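Here is a short note for someone opening this model for the first time. Please read the points with the structure in view.

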Amino acid sequence: MKEEFELQLPEISEGETIDVPEELPLMAIRDIVLFPSMVVPLFVGRPKSLKAIEEALNKNKLIVLSTQKNSRIENPKPEHLYKFGTIGLIIKTLNISEDRLRVVVQVLSRVEIKKFLQTDPYFKVKIEPCKEFEPEIITSEIEALMRSVKENIEKLLSLKGNLNSEISTAIQSIEEPGRLADLITAYLKLKVKTAQNLLGTLDGVERLKKVSEILIQEIEITTLQNKIQAEAQEEIGRSQREYFLREQLRAIKRELGEVEDIENEIEELKRKIKKAKMPKNVEKEALKQLSRLEYMHPDSSEAAVIRNYLEWLIELPWNKSTKDNLNLKHVKKILDKDHYNLEKVKDRILEFLAVKKINPKAKGAIICFVGPPGVGKTSLGKSIATALGRKFVRVSLGGVRDEAEIRGHRRTYVGALPGRIIQGIKQAGTNNPVFMLDEIDKLCTDFHGDPAAALLEVLDPEQNKEFVDHFLDVPFDLSKVLFIATANMTEPIPKVLLDRMEVIYISGYTFKEKLEIAKRHLLPKLLKEHGLTKKDINIPDEVILKIIEEYTSESGVRELERKLAAICRKITRKLAEGEKGPFKITEENFVEYLGPPEYVEELKQEKDEVGVATGLAWTPYGGEILYVEAVIMPGKGNLILTGHLGDIMKESAQAALSYIRSKYKELKIDPKFYTKYDIHVHVPSGAIPKDGPSAGITIAIAIISALTNKPVSKDYAMTGEITLRGKILPVGGIKEKCLAALRKGIKKVLLPYKNQKDLEEIPKELRDQIEFIFVSHLDEVIKLVLKNN
């Protein structure tokens, strides 16, 4: 058990001497450091401490008192005790119970523990009295220090309301600096480490200087504490006065027969709670909080929190659902109307509805659309909601870094609100909306928590039946909600979260698909937004294709929409200025509306070059063309890599170089090239980070071309991961990469042999425009793309 203590005014006996033996029992004490001349009652409960007290009483009533370094240790060892302690004389004992004792001890002097003679059944130690140093003459400086300390302790005790004449007399009567420091320490609540430092300071003047510094800090803290307490007391007094006046006002109103607003409010809230058709456990909690509100002051801050909480419970759609339209033909018609192509996505939605139609109790699916920006992920979610006849709610998760954004804040915080999930459900007004979690790959993590971890419960059909928001603190059923997440890429999404979702990839659009989307969706929408009709504007298909080719370079259609909007704005202005339509946009005049072309194959190579190979890469924004450049120069075999390359691309370059060194005979390269030359590999657009294994064969071909002085054919684009044996491994993003090649006018694409299966994902009109060449080894690529001078 813990030794407890309380301080009394020291009883100092002058002229009395006690012989102190070298060996004495020791008692470990916690949370206090005792100083000479203190008289302290201690409550003792630990077996070792009781044995030490018994041993001291049987002999000379003297005991060594040493403080534990860590008060939480129940059975301390010698190393857990400070070496400087004090000798105490047991004045009085009182049995509180069989295993608990109250002991009054007068502290006599400082001692240093030299050796532990025994540790069981109690501590017994060999000690040496500490020689304290007091000044022989009290100089003016010491006198000034002592007066300052005496004034400060009286000031401190006065601020705390503990000063009386007896204490003041005792303080003023002491003339020795060290003894004064010890006495004052009894009135200061010091941390053990600080107090132990004072106990170990044997020079009385130095000890008093340290006490003086502590006193000044304590006075500042106590002054500030009193100020805060006074302000709080003033606020409490004002609140009590307002309460008293309001109670008088209530009594006056009651006498006048006026209806109490609070009573009306309670009745109205009770009626709404019954009408909300909450689950029984939720209704029970709501009525409990309402009962608390009834007995509170209506204007108190806690009443406002409870009122807000009840309003949230009442307004949530506990039992409100929309009826699903399970007519599959109708749903397909809506999806086809709103979105061109995307057959795989539409099939998955129809499959979900088919299951729902056959088995109404089936759990909701968690779908994640992954694709570049502008391919219609968010608008597809809206179309699904329209087709099902459900409400649509969208929450953007980009940049969310606080777990409370998902789970809500606890009501103990000022301005607490539920998380975005519950807010979205309330906004929808039904418990089965289509709930879109946009940009789920843009979640952040910091010291506030991990929002992705909070989403694990939300997106798990086995758990979200009883989702508990921290603000509501009652379960809400999310199992009826159709969650749809969107992302540009899956890599940033934690694996455990990705595992809970069915990922559907939406690739970029071909030119033909963009043309159809522009005609069916973009132009009608833009004409309506700009107040135009079909009679006012005429844009032929070939012009739209020209705009797609020369003014956009994207996987989606956002930039295309902006260009068409620019044409609509200019035509609207002409109409507003009095010109007569219709206006026909032709290949000859559309430059007047959009300015000079922005993407006129600015990256396309004009001729075959040595050390320059054309690669295909995948990014979160679609496919891209990468021109990998390599040059050789006199050096010592260093491989220099530039262009903001990631670790994986750097490793691909190292693997390519190792393969080339192993095949120097077949490639007819100088066997000592790696000691004579430095090789510099660069990928342009250096400000843009690049990573991934897809550029392995491109880097290898660029280096081989530079070493053999053979140009690389500009007609080929390639992608594939390379091994040290020269094997070419499959990669992803094939459709996006092929679209990138087409945008730059490249019609021959080298793909890994095992990527043949991915051609099924590429539309037939796209496959017909490209000659696919499948390779399994780097030797095949060398024969195809390297030309003899």
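1. Two strands pair if DSSP finds at least two bridges between them. The model discussed here is predicted. In it, β9 pairs with strand β10, residues 434-438, in the parallel sense. That pairing runs over 5 bridges. Within it, F392 of the one strand faces V434 in β10.

2. Now the sheet around that pair. The sheet is open and has 5 strands. Their order is β9-β10-β13-β8-β14, and the pairing is parallel. Which strands stand at the edges? They are β9 (392-396) and β14 (502-505). Each has a single partner strand, so one side of each is left without a neighbour in the sheet. Neighbouring strands here are turned by 20 degrees against each other on average, direction ignored.

3. Next, a helix pair. Two packed helices are described by the angle between their axes and the distance between the axes. Helix α10 covers residues 328-338, and helix α12 covers residues 377-388. They pack at an angle of about 150 degrees. Their axes lie 9 Å apart. Angles over 145 degrees count as roughly antiparallel, so α10 is roughly antiparallel to α12. The crossing of α10 past α12 is right-handed.

4. Last, the contact itself. Which residues make the contact? From α10 come H330, V331, I334, L335 and D338. From α12 come S383, I384, T386 and A387. By type, the residues of the contact of α10 with α12 divide into 5 nonpolar, 3 polar and 1 charged.

Technical notes
Residues numbered from 1 in each chain as written. Predicted model: local features only at pLDDT ≥ 70, side-chain atom pairs only at ≥ 80, totals over all residues. Heavy atoms only, no water. Helix = DSSP H or I, 4+ residues; strand = E, 2+ residues; numbered from the N terminus. Axes fitted to C-alpha atoms, helices over the stretch in contact; angles between N-to-C directions. Parallel < 35°, antiparallel > 145°, perpendicular 65-115°, else oblique. Left-handed = near helix turned anticlockwise from the far one by under 90°. Contact = heavy atoms within 4.5 Å. Nonpolar A, V, L, I, M, F, W, Y, C, P; charged D, E, K, R; others polar.
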